[in-house]
Amino acid sequence: MVSTGPRIAPGRLRELGPVNWLAWQALSRAAGTPDAHLFSTLGRTGGLFRGWLHFSGKLMPGGRLRRYDTELVILRVAHLRHCDYETDHHIRLGTRAGVTPEILDRLREGPAADGWSDRERALLTAVDRLVGTRDLDDATWQALATHYDERLLIEIVLLTNQYEGLASTITALRIQTDH
């Protein structure tokens, strides 16, 4: 039986410390919620949280990949991993980046859905392969490489794996959605 509550309660000032508490406050406001549970939970790790936040921020929102493409990757990973927390959070962010309700429906269907450009289809196929097999076959790599330079190819792999790992963390810790 899967537990319904969080395995580790979100921290507050005492558990987070002043630096992580301030980060949690700012990140919660930016996310449009009084308590972004992901950050108030992971913030309990002290400096590890800040290191992870730096790495994550370099991928999103600080990556070179177009924000729309970034949100397609994250939302597809969230769908494949059945991670409601990532889905809820990134539907809000994705909307700002041009992800419409129609695109969300296609994302749930996957890369075979009608309406994707060749670039979008290659990107989503790569996400599906990385999540499903932890690798990219040569045909998927070649399709992706026709649309992205080497730096972006690396970034896509890192971004996909970052959000796949984050989905695992959210699931294992039973971090609750923010509403």
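Is L158 buried, partly exposed or exposed? I looked this up first. L158 is partly exposed, because its relative accessible area is 39%, and that falls between the cut-offs of 20% and 50%. I note here that the model is predicted.

**Entry: the surface patch**

I then placed L158 in the chain. L158 sits in helix 9, which covers residues 150-173. I asked which residues join L158 in a nonpolar patch on the surface. They are F55 and I154. Together, F55, I154 and L158 have about 270 Å² of accessible area.

**Entry: the largest pocket**

Next I turned to the largest pocket. I noted a volume of about 390 Å³ for the largest pocket. Its lining is made of 21 residues. Nearest the centre are L27, F39, M60, H89 and L93. I listed the elements that give two or more residues to this lining. They are helix 1 (13-31), helix 2 (37-42), helix 3 (47-59), helix 5 (84-96) and helix 9.

Which helix gives the most to the lining of the largest pocket? Helix 5 does, with 6 residues. I also sorted the lining by class. I found 13 nonpolar, 5 polar and 3 charged residues in the lining of the largest pocket.

**Entry: S168**

I went back to helix 9 for another residue. S168 is in helix 9. S168 counts as partly exposed, because its relative accessibility is 31%. I then checked S168 against G57. The two are 111 residues apart along the chain. Their C-alpha atoms are separated by 19 Å.

**Entry: backbone oddities**

I wrote down a rule before looking at the backbone. Most residues other than glycine have a negative phi, and most peptide bonds are trans. Then I looked for exceptions.

Which peptide bond did I note as cis? The bond from M60 to P61 is cis, with omega near 15°. P61 is in the loop between helix 3 and helix 4 (67-80). I had already met M60 among the residues nearest the centre of the largest pocket.

H82 has a positive phi, near 55°, and is a residue other than glycine. I found H82 in the loop between helix 4 and helix 5. H82 counts as exposed, because its relative accessibility of 67% is over 50%.

R134 also has a positive phi, near 65°, in a residue other than glycine. R134 is in the loop between helix 7 (118-133) and helix 8 (138-145). Is R134 buried, partly exposed or exposed? R134 is partly exposed, because its relative accessible area is 48%.

**Entry: salt bridges**

I started with the general idea. Side chains of opposite charge can pair when their charged atoms come close. The count for this model is 12 salt bridges. I looked at some of them one by one.

R14 and E15 form a salt bridge through their side chains, at 3.1 Å from N to O. R14 counts as exposed, at 75% relative accessibility. E15 counts as partly exposed, at 28%.

R64 and D149 form another salt bridge. Their closest N and O atoms are 3.2 Å apart. Why does this pair tie together parts that are 85 residues apart in sequence? It does so because R64 is in the loop between helix 3 and helix 4, while D149 is in the loop between helix 8 and helix 9. R64 is partly exposed, with a relative accessible area of 42%. D149 is partly exposed too, with 36%.

E102 pairs with R106 in a salt bridge. The closest N and O atoms of E102 and R106 are 3.0 Å apart. Both residues lie in helix 6, residues 101-109. They are 4 residues apart, about one turn of the helix.

Then I compared the two partners. Is R106 buried or exposed? R106 counts as buried, because its relative accessibility of 10% is under 20%. E102 counts as partly exposed, at 47%.

Last, I looked for salt bridges that share partners. Such salt bridges join R66, D69 and R119 into one network.

How values were computed:
Residues numbered from 1 in each chain as written. Predicted model: local features only at pLDDT ≥ 70, side-chain atom pairs only at ≥ 80, totals over all residues. Heavy atoms only, no water. Patch = residues over 30% accessible without salt bridge, like charges linked within 9 Å, V, L, I, M, F, W, Y side chains within 5 Å. Areas by Shrake-Rupley, 256 points an atom, 1.4 Å probe, with all protein chains shown as cover. Salt bridge = Lys/Arg side-chain N within 4 Å of Asp/Glu carboxyl O. Buried < 20%, exposed > 50% of the residue type's maximum accessible area, 1.4 Å probe, protein only. 1 Å grid on protein atoms, 1.4 Å probe; cavity = no way out; pocket = protein on both sides within 12 Å on 5 of 7 lines; lining within 4 Å. Points joined across faces, edges and corners; volume = space filled by probe spheres on them. Nonpolar A, V, L, I, M, F, W, Y, C, P; charged D, E, K, R; others polar.
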